[in-house]
Amino acid sequence: QVAIIADDRHFVTALLVPNFELLIPWAKQQGINTHDLNKLVHDPKVRAYYQASLDKNQESLANFEKVKIFTILPRAFSMDHGEITPTLKLRRKVINQVFACEIDNMYGITTKKRR
């Protein structure tokens, strides 16, 4: 899952949710601890892996269209948290509220934890 953040912003950012069924075996092969998903998504090798994927998938985009900064989340967007609809569409307003600290951090804005 990916939520692109760009409305009323100076550059594009993204909240990424990995496919943990694929990420965990890859991380184990890399010698990365997979027992704590919070630590896993912050591991430099994992970040580099996703950065390389983003770079490859954005080659044909104009510079202003490219994701400049991303945050990898340790859990999927869910209906239980109100972040997606029953048809699996993102509820951007809810995502912007729930992940406000993460979004602000990507734009260099310091906020107090809202959760």
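Two residues are in contact when heavy atoms of theirs lie within 4.5 Å. The structure shown in these views is a predicted model.

**Figure 1. Surroundings of Thr-85 in the loop between β3 and α4.** Thr-85 touches Met-79 and Arg-91, when residues up to four places away in sequence are not counted. The relative accessible area of Thr-85 is 15%. Buried means under 20% relative accessible area, so Thr-85, at 15%, is buried.

**Figure 2. Surroundings of Thr-71 in strand β3.** Strand β3 covers residues 67–72. With a relative accessibility of 16%, Thr-71 counts as buried. Its contacts, leaving aside neighbours within four places in sequence, are Ala-14, Leu-15, Leu-16, Arg-47, Glu-102 and Met-106. Of these, Glu-102 and Met-106 belong to helix α5, which spans residues 100–106.

**Figure 3. The buried and exposed sides of helix α1.** Helix α1 runs over residues 20–29, and its residues Phe-20, Leu-23, Trp-26 and Ala-27 are buried. These four lie on the same side of α1, because they cover an arc of only 130° around the axis. The buried residues of α1 pack against two other helices, α2 (37–42) and α3 (44–57). On the other side of α1, the residues Glu-21, Leu-22, Lys-28 and Gln-29 are exposed.

**Figure 4. The two ends of helix α1.** At the start of α1, the side chain of Asn-19 has an oxygen within 3.1 Å of the backbone nitrogen of Glu-21. Glu-21 is also one of the exposed residues of α1. Just after α1 comes Gly-31, with a positive phi of about 80°.

**Figure 5. The largest pocket and its lining.** The space in the largest pocket amounts to about 250 Å³. Its lining is made up of 13 residues, and those nearest the centre of the pocket are Ile-4, Ile-5, Ala-6, Asp-7 and Asn-96. Three elements give two or more residues to this lining: strand β1 (2–5), helix α4 (92–98) and helix α5 (100–106). By type, seven residues of the lining are nonpolar, five are charged and one is polar.

Key. Residues are numbered from 1 along each chain as its sequence is written. This is a predicted model: local features need pLDDT of at least 70, side-chain atom pairs count only at pLDDT 80 or more; totals for chains, interfaces and linings use all residues. Side-chain values use heavy atoms; hydrogens and water are left out. On a 1 Å grid over the protein atoms alone, a cavity is a set of points where a 1.4 Å probe fits but cannot get out, and a pocket is an open set with protein on both sides within 12 Å along at least five of seven lines; lining residues have an atom within 4 Å of a point. Grid points are joined across faces, edges and corners, and a volume is the space filled by probe spheres set on the points. Ala, Val, Leu, Ile, Met, Phe, Trp, Tyr, Cys and Pro count as nonpolar, Asp, Glu, Lys and Arg as charged, and the others, Gly among them, as polar. Buried means under 20% relative accessible area, exposed over 50%, partly exposed in between (1.4 Å probe, protein chains only). The arc is that of the directions from the helix axis to the C-beta atoms. A polar contact is a pair of N or O atoms within 3.5 Å; within protein, one must be able to donate a hydrogen and the other to accept it, and residues adjacent in sequence count only if both atoms are side-chain atoms.
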